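Open your viewer, have the selection tool ready, and follow along from stop to stop. Each one tells you what to select and what you will find there.

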Amino acid sequence: MHAGTNGSNSVLRVVVLGSTGSVGTQTLEVIDHLNALHARGVGTRRYEVVGLAAGRNVVMLRAQARAHPGATLALAEGEPPESARRVLSGPDAARQLVREVECDLVVGAMVGASGLPAMIEAISRGVDVALANKETLVAAGAIVIPLARDRGARILPLDSEHSALWQLLQCAGAGCVPPMGLPAGVARVLLTASGGPFRTWDRERIARATPAEALAHPVWDMGAKVTIDSASLMNKALEVVEAHWLFGAESRRIGVGVHPRSIVHAMLEFEDGVTLAQMGAPDMRVPIQYALAFPERLPALGDRVEGADPGAIEIRPPDLERFPALALGFRAIDEGGTSGAVLSAANEEAVAAFLHADGGIPFGRIFEVVSRTIDELPVRPIASIEDVIEADRAARAHARSLLGRS
């Protein structure tokens with residue numbers, strides 16, 4: 001049974017992967033909010049959390065288990081909570097959770113390639129996925145999208161930009177839920193970027209940025225890895241690839257604009273010169289609620305945009321000289337094959353090296369390591385998930401060699 005298809009007063013059983021991270025915790029907030037609305041007679045569904053998966057944050061997972069006592073837990077590392085009803089543990093715990101627990105929706109909020117096996121498992125079972133894990137499509141879109149179509153699984157975007165495009169495309173007469181294609185008359189889709197903390201910095205200063213400076217995002221509150229990606233615009237590069245797979249858009253039909261206020265999340269340009277824009281507060285709970293409650297629009301938990309002055313909607317082209325990482329997303333689309341998997345894996349390694357507690361690499365080396373890894377590894381076709389796994393392994397090994405790490 002898929003999200004959005006249940007009847008009146010039905011229960012939607014939800015598994016949250018990455019429940020202790022930024023998106024995961026906000027998802028649980030939204031679920032509590034939607035259940036409170038349902039109790040007041042607003043909204044047709046009640047939500048039951050039947051599974052929670054975390055990496056190593058045992059303390060927070062224990063607290064979440066107390067709030068959702070019927071949930072099966074999955075913990076990748078560390079000692080599991082003793083009082084839990086059922087706990088799966090080990091590096092494959094999230095995938096095992098999706099395989100063994102009956103559910104209607106899986107929220108993919110794990111960061112990095114570690115979330116890919118569980119996402120593949122959910123889609124293989126024909127279960128709808130509310131997706132925040134960019135790497136699922138960046139690395140394995142060639143496998144995931146055909147599989148979703150074959151199994152009838154829907155991919156509900158949680159990123160604010162892709163949620164915005166999803167809503168705009170519905171207005172344009174496209175299919176209801178991704179994966180979907182661009183309808184006739186659409187010339188281009190445009191994703192916005194805040195520009196991050198270094199929007200006004202010169203390239204030399206950006207190259208010397210410290211982790212504390214890179215983590216000081218001026219608008220969004222996100223986890224460390226995504227925040228670092230946002231500072232380099234690598235996050236937008238990954239989102240460009242994600243948009244390609246979700247909406248069937250070629251690289252030439254995807255644009256990016258820098259919009260510091262983050263009120264406009266995406267735009268849709270038509271052949272006749274008309275442009276539609278989706279606006280909303282920079283609050284991840286807004287797109288999360290849209291995905292979970294779809295097709296209903298219910299009273300918001302997140303903030304509202306009460307109005308915007310002309311300066312608030314200023315959108316400018318990105319500066320690829322200062323933020324060269326953005327171009328790598330378009331390159332991954334055009335090269336196809338394993339290029340997305342290599343991009344994603346090399347970036348994970350470089351960001352981890354930048355954030356390393358014992359003294360990381362300079363911020364400017366993140367792009368250098370990723371671009372050299374892409375340049376120096378051959379692009380191979382993807383015929384199976386094993387091809388993705390091998391490309392991920394090879395990219396990590398190559399990036400580590402460039403970083404001087406074994």
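In β3, which residue is the bridge partner of Ala54? Select Ala54 and look across to Leu75 in β3, its bridge partner. Keep in mind throughout that this is a predicted model.

**Stop 1: β2 and β3**

Now widen the selection to strand β2 (residues 45-54) and strand β3 (residues 72-75), which run parallel and are joined by 4 bridges. Colour the side chains of β3 by face: Thr72 and Ala74 lie on one side, Leu73 and Leu75 on the other. These four are all buried, so that both faces of the strand are covered.

**Stop 2: β8 and its two neighbours**

Next, select strand β8 (residues 186-193). Of its 8 residues, 6 are buried, so the rest of the structure largely encloses this strand. Add strand β10 (residues 264-270), which pairs with β8 in the antiparallel sense over 5 bridges; look for Leu191 opposite Ala266 in β10. Then add strand β9 (residues 254-258), whose pairing with β8 is parallel, also over 5 bridges. Here Val189 has Ile254 of β9 as its bridge partner.

**Stop 3: the nonpolar core**

Which residues have the most contacts inside the largest nonpolar core? Select Leu17 and Phe363: they hold that place in a core of 134 residues. Centre the view on Phe363 and show what surrounds it. Leaving aside residues up to four places away in sequence, Phe363 touches Phe198, Ile206, Ala207, Ala209, Ala214, Ile228, Ala231, Ser232 and Phe354.

**Stop 4: helix α11 and a pocket**

Move on to α11 (285-293). This helix is mostly covered, with 8 of its 9 residues buried; among them are Arg285, Gln289 and Tyr290. To see what covers α11, show β1 (10-17), α1 (22-39), β2, β5 (105-108), β7 (155-157) and α6, against which its buried residues pack.

While you are here, turn on a pocket display. The second largest pocket has a volume of about 490 Å³. It is lined by 27 residues, of which Gln167, Val286, Arg297, Ala300 and Asp303 are the closest to its centre. Which element gives the most to this lining? That is α11, with 6 residues. At least two lining residues also come from each of α6 (160-171) and β11 (275-279).

**Stop 5: helix α15**

Select helix α15 (residues 385-403) and draw a line from its first C-alpha to its last: the 19 residues reach 27 Å, close to the 27 Å expected at 1.5 Å a residue. Show the buried side chains of α15, including Val388, Ala391, Asp392, Ala395, His398, Ala399 and Leu402. As you look at their spacing, remember that an α-helix has 3.6 residues a turn, so residues three or four places apart point the same way.

What do these buried residues pack against? Add α4 (116-124), α5 (135-151), α13 (339-354) and α14 (364-376) to find out. Just after α15, click on Gly404, where phi is positive, near 75 degrees.

**Last stop: an enclosed space**

Finally, look for the largest cavity, which holds about 40 Å³ of space. Select Glu335, Ser339, Val342, Ile374, Leu377, Pro378 and Val379 together to show its lining. With a threshold of 30 Å³ or more, the count is 1 cavity, so your tour ends here.

Methods:
Residues are numbered from 1 along each chain as its sequence is written. This is a predicted model: local features need pLDDT of at least 70, side-chain atom pairs count only at pLDDT 80 or more; totals for chains, interfaces and linings use all residues. Side-chain values use heavy atoms; hydrogens and water are left out. A nonpolar core is a set of buried Ala, Val, Leu, Ile, Met, Phe, Trp, Tyr and Cys residues joined through side-chain atoms within 4.5 Å. Buried means under 20% relative accessible area, exposed over 50%, partly exposed in between (1.4 Å probe, protein chains only). Contact means heavy atoms within 4.5 Å. The expected span of a helix is 1.5 Å times one less than its number of residues. Two strands pair if DSSP finds at least two bridges between them. On a 1 Å grid over the protein atoms alone, a cavity is a set of points where a 1.4 Å probe fits but cannot get out, and a pocket is an open set with protein on both sides within 12 Å along at least five of seven lines; lining residues have an atom within 4 Å of a point. Grid points are joined across faces, edges and corners, and a volume is the space filled by probe spheres set on the points.
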